[in-house]
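Look over the sequence and the fold shown here. The report that follows moves from one buried side chain out to the helices, cores and charged pairs.

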Amino acid sequence: MDELKFRRQAYGDPNNQDPDFLAEMHSSVEKEAFVNDLKMMDSKIERALDIDVPDDLAAKLLLNQQLHQHQQQRKRSGFTLALVASVAFIAGISFTLLRMAPVDLGQHALAHVYHETKALKADDNVQFSDVNFQLASLGTFGDSKFTQQPGKVYYSTFCDFQGVQSLHLVMQGEHSKVTLFIVPLENRMVLEEAFADNKYKGNGFVTDNAYMLLVGETSEDVNFVKKEVEQTFI
């Protein structure tokens, strides 16, 4: 056996019992000492690796893994809850600011007429007693009411003026229909006596318990309905 093969076998397995290997090992004191050193090194390694494993090691490792996952989940959940809370807080603040912001009644009335186009097509022949019932049900107009029929009323329903429950009527003007909004008094409301856009004319006035907003295609129609309302609404 040549020197290189002997050393390869010695490193691979110093306890090799192959006759050729043993013969080569005993051929010299140096080779025998070399193999004995390797055997001693193997023994030390075996002793170092021979560690008793606790019976509950697997359970402890599993528990540690679960605790780590739980901590990570709590961090993610905490972030999610903080994000949700922040969004809710901002939404609440925005809603509060929206409710506190001034309301331009004229512009809101114009926008409402464009939005509720079906109202101008209705013909429900509403009686003033029905309108008074709607006013009373809101509870924000005091004793205000119509004392008699203010001309023909085609349509009457509740509407929302920037979070304020109001009444939306469509009435007959001198030549065409006029929309009337009856809105409870509030400090944040901003009322202009006259307002308009490219299509509609508007007029606003105040009674003891309400803002009256009239929107029609002509000033003549608006003024016609305004006189009727002033004569019948107290």
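Which residues does His112 touch, not counting residues up to four places away in sequence?

## His112 and helix α5

The model is predicted. In it, His112 touches Cys159, Asp160, Phe161, His168 and Phe181, with residues up to four places away in sequence not counted. His112 is part of helix α5. Its relative accessibility is 12%. The cut-off for buried is under 20%, so His112 counts as buried.

Helix α5 covers residues 105–115. Its buried residues are Leu105, Gly106, Ala109, Leu110, His112 and Val113. Viewed down the axis of α5, these buried residues fall within an arc of 160°, so they line one face of the helix. Asp104 caps the N-terminal end of α5. The cap places a side-chain oxygen of Asp104 3.2 Å from the backbone nitrogen of Gly106.

## Overall make-up

The protein has 234 residues, and 32% of them are buried. Seven helices and eight strands are present. Among contacts with a separation of 6 or more, 54% join residues 24 or more positions apart. The exposed surface comes to about 15,000 Å². Carbon and sulfur atoms supply 55% of that surface.

## Two nonpolar cores

The largest nonpolar core holds 21 residues. Leu135, Phe146, Leu169, Leu180, Ile182 and Val229 touch the most other members. Five elements each supply at least two residues of this core: α6 (128–138), β3 (164–172), β4 (177–184), β8 (210–216) and α7 (219–232). Another core lies apart from this one. That core has 16 residues, including Val103, Leu105, Leu110 and Val164.

Leu135 shows how the largest core is connected. With neighbours within four places in sequence left aside, Leu135 is in contact with Phe141, Ser144, Lys145, Phe146, Leu167, Ile182 and Phe233.

## Helix α6

Which residues of α6 are buried? They are Val131, Asn132, Gln134, Leu135 and Leu138. Down the axis of α6, the buried residues fall within an arc of 160°, so they line one face of the helix. They pack against β2, β3 and β4.

The face of α6 turned away from the buried side carries the exposed residues Phe133 and Ala136. Gly139 follows α6, and its phi is positive, near 75°.

## Phe205 in strand β7

Phe205 sits in strand β7, residues 201–206. It is buried, with a relative accessible area of 12%. Outside its neighbours within four places in sequence, Phe205 is in contact with Leu191, Ala210, Tyr211, Met212, Leu214, Lys226, Val229 and Glu230. One of these partners, Val229, is also among the residues that touch the most other members of the largest core.

Glu230 is another partner of Phe205. The two are 25 residues apart in sequence. Their C-alpha atoms are 9.7 Å apart in space.

## Salt bridges

How many salt bridges are there? The count is two. Side chains of opposite charge can pair when their charged atoms come close.

One salt bridge joins Lys152 and Asp123, with the closest N and O atoms 3.3 Å apart. Lys152 lies in the loop between α6 and β2 (153–161), and Asp123 in the loop between α5 and α6, so the pair ties together parts that are 29 residues apart in sequence. Lys152 has 33% relative accessibility and counts as partly exposed. Asp123, at 49%, also counts as partly exposed.

The other salt bridge joins the side chains of Arg188 and Glu186, at 2.8 Å from N to O. Is Arg188 buried or exposed? Arg188 counts as buried, at 12% relative accessibility. Glu186 counts as partly exposed, at 26%.

## Asn125, a positive phi

Most residues other than glycine have a negative phi. Asn125 is not a glycine, yet its phi is positive, about 50°. Asn125 is found in the loop between α5 and α6. Its relative accessible area is 47%, and it is partly exposed. Asp123, of the Lys152 salt bridge, lies in that loop between α5 and α6 as well.

Key
Residues numbered from 1 in each chain as written. Predicted model: local features only at pLDDT ≥ 70, side-chain atom pairs only at ≥ 80, totals over all residues. Heavy atoms only, no water. Core = buried A, V, L, I, M, F, W, Y, C linked by side-chain atoms within 4.5 Å. Buried < 20%, exposed > 50% of the residue type's maximum accessible area, 1.4 Å probe, protein only. Helix = DSSP H or I, 4+ residues; strand = E, 2+ residues; numbered from the N terminus. Contact = heavy atoms within 4.5 Å. Arc of directions from axis to C-beta. Polar contact = N/O pair within 3.5 Å; in protein donor to acceptor, adjacent residues only side chain to side chain. Areas by Shrake-Rupley, 256 points an atom, 1.4 Å probe, with all protein chains shown as cover. Salt bridge = Lys/Arg side-chain N within 4 Å of Asp/Glu carboxyl O.
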